[in-house]
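User: Hi! I'd like to go through a model with you and check how its descriptive labels follow from the computed values.

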Amino acid sequence: MNSSQRQNNQKENNQKENNQKEKALEENRQKEKIQEENGQSENRKEQNIIYHKAKADSAKMLDRLTGAMIGMARACHGELTSEAMDRALIAGLFMIGDDVNFDAAAIQRQTNMVRGMKKSMVLECDMDELMAACRPDEAAVKSKILTRLSSIAEDSYHALALKRDDQEVIGFLYDALFAVGSDGSPDGSVAVSGRLIGISEMADDISIRAEKLLAEANAAAFGEPTGDGSDPADGQNDDGQNDSGSDLVNGQNDSGQTAEKMTGVAMIATPDGVDPGPFIIVSGDDLKDMDMLLQQSAGRGINIYTHGAMLSAHRYPGLKKHPHLKGHFGSDWKNQQEEFTDMPGPVIFTGKHMLPPNSSYKDRAFTSGPVAFPGVMHIFDDKDFSPVIDRAIELGGRM
């Protein structure tokens, strides 16, 4: 074998060895990827179990609250209501929405408050019996109405916090609950299904009215908003349906524009992207809570980041004026459990779309308003955010 042949053989051997090494590396990478995916899958499975258990544990209590509110609507039918009654009803309806309140004790407090406003507890409604007595189509319409009422109440609740209300909206909430709890119209002249369909259709107009009320309340309190009013963080439309066109935080819109470019807000994907030092993440859509937190945390060396629907806070001059309102954290709200894991800062939930916090961040999660979860510290109506601020300082944030 001459020198040239030996060199060629050596090259071939080296190439084979390199190919084998690369193949082994690729196999290891694939194994690690599968292990990571399996681990994530197990985590998601565990989180789903926790979520559905929390939903099941609170469902009966929420039904009792709904029955108590129907009882109050029955007791007040055709009569004037007080401001305290209206507030109790609005907060209760907000509370029965999806992913708002999982805390049996908090739900019971609200139920007791509603019961205390009524003339007679005899008028309470058992939701299981009510739905069982309905035809399937009637039960479906009643369930749809309750879902819409919760959405209307959410906007009304936030507007009330800014001292704005609409008596037509509030009156509709009472009338709709009365209809849901009835087996016929007040005078017996209209079939229940027809009356319910009418209420369901009217809910669309009332929902728009409530949204307008909240928009006006926010503008009056925090200045006229900038931008087009779209909510890149929500991922849902006004009916609660998936709206992929509005979910810009995950990357780009249909025109290829990034969320950061469209909104002018710094989009932070991971805790490594926040500014050094203590920080707080605010989720939900209660701009009054955001305003009070910004005021109470001013000058404390703490940065504030929005999450989910709270992205809209960056549109208001009265909130943007605070230099420590830094940017928006995270992607879709459905990813919060993964994104908040091991995050060195507290998060406060002020609206719907709270998922049960896992053990890695439950001790630095907070709730406010009708939102609550067992074992999570709650900020009550005095709106003293000192516990959240102190926790942020204690955790220290990003080094």
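User: In which hand does α2 pass α5?

Analyst: Happy to help, and please keep in mind that this is a predicted model. Helix α2 passes α5 in a left-handed crossing.

User: What makes α2 oblique to α5?

Analyst: Helix α2 (residues 83-95) and helix α5 (residues 136-161) pack at an angle of about 125 degrees. Angles of 65 to 115 degrees count as roughly perpendicular and those over 145 as roughly antiparallel, with oblique used for the rest outside the roughly parallel range. The value of about 125 degrees falls in neither of those two ranges, and that makes α2 oblique to α5. The axes of the two helices are 7 Å apart.

User: Which residues make the contact of α2 with α5, and how do they divide by class?

Analyst: On the α2 side they are R87, I90, A91, L93 and F94. Helix α5 contributes L149, S150, A153, E154, S156, Y157, H158 and L160. They divide into 8 nonpolar, 3 polar and 2 charged residues.

User: And what describes the packing of α2 and α3?

Analyst: Their angle is about 145 degrees, and their axes are 10 Å apart. This crossing is left-handed. From α2 come A84, M85, A88, A91, G92 and M95, which meet A106, I107, Q110, M113, V114 and M117 of α3. By class that contact has 10 nonpolar, 2 polar and no charged residues.

User: Let's stay with α3. Why is G116 called exposed?

Analyst: G116 lies in helix α3 (residues 104-117). Exposed means over 50% relative accessible area. The relative accessibility of G116 is 61%, so G116 counts as exposed. From G116 to A88, the C-alpha to C-alpha distance is 9.8 Å, with their positions 28 residues apart in sequence.

User: What makes D57 partly exposed?

Analyst: D57 is found in helix α1 (residues 3-76). Partly exposed covers what is neither under 20% nor over 50%. With a relative accessible area of 46%, D57 is therefore partly exposed. D57 and D103 are 46 residues apart in sequence, and their C-alpha atoms are 8.6 Å apart in space.

User: How do you know that the phi of D99 deserves a remark?

Analyst: Most residues other than glycine have a negative phi. D99 is a residue other than glycine, yet its phi is positive, near 55 degrees. D99 lies in the loop between α2 and α3. Its relative accessible area is 7%, under the 20% limit, so D99 is buried.

User: What is the phi of K163, and is K163 buried or exposed?

Analyst: K163 has a positive phi as well, near 65 degrees, and is a residue other than glycine. K163 is placed in the loop between α5 and α6 (167-180). The limit for exposed is over 50%. K163 has a relative accessible area of 78%, so K163 is exposed.

User: Now strand β3. Why are N303 and H307 called buried?

Analyst: Both belong to strand β3 (residues 303-307): N303 has its place there, and H307 lies there too. Buried means under 20% relative accessible area. N303 is at 11%, so N303 is buried. H307 is at 0%, so H307 is buried.

User: What do these two residues touch?

Analyst: Leaving aside neighbours within four places in sequence, N303 is in contact with D275, P276, P278, F279, I280, H324 and K326. For H307, not counting residues up to four places away in sequence, the partners are I281, V282, S283, G284, H328, F329, W333, Q336 and F340.

User: What makes D286 a cap of α9?

Analyst: A side-chain oxygen of D286 lies 3.1 Å from the backbone nitrogen of K288, at the N-terminal end of α9. A polar contact needs N or O atoms within 3.5 Å. The distance of 3.1 Å meets that limit. In helix α9 (residues 287-297), the buried residues are L287, D289, M290, D291, L293, L294 and S297. After α9 comes G299, with a positive phi near 75 degrees.

User: Finally, how many helices and strands are there?

Analyst: The protein has 12 helices and 7 strands. Of its 399 residues, 48% count as buried.

Note on methods:
Residues numbered from 1 in each chain as written. Predicted model: local features only at pLDDT ≥ 70, side-chain atom pairs only at ≥ 80, totals over all residues. Heavy atoms only, no water. Axes fitted to C-alpha atoms, helices over the stretch in contact; angles between N-to-C directions. Helix = DSSP H or I, 4+ residues; strand = E, 2+ residues; numbered from the N terminus. Parallel < 35°, antiparallel > 145°, perpendicular 65-115°, else oblique. Left-handed = near helix turned anticlockwise from the far one by under 90°. Contact = heavy atoms within 4.5 Å. Nonpolar A, V, L, I, M, F, W, Y, C, P; charged D, E, K, R; others polar. Buried < 20%, exposed > 50% of the residue type's maximum accessible area, 1.4 Å probe, protein only. Polar contact = N/O pair within 3.5 Å; in protein donor to acceptor, adjacent residues only side chain to side chain.
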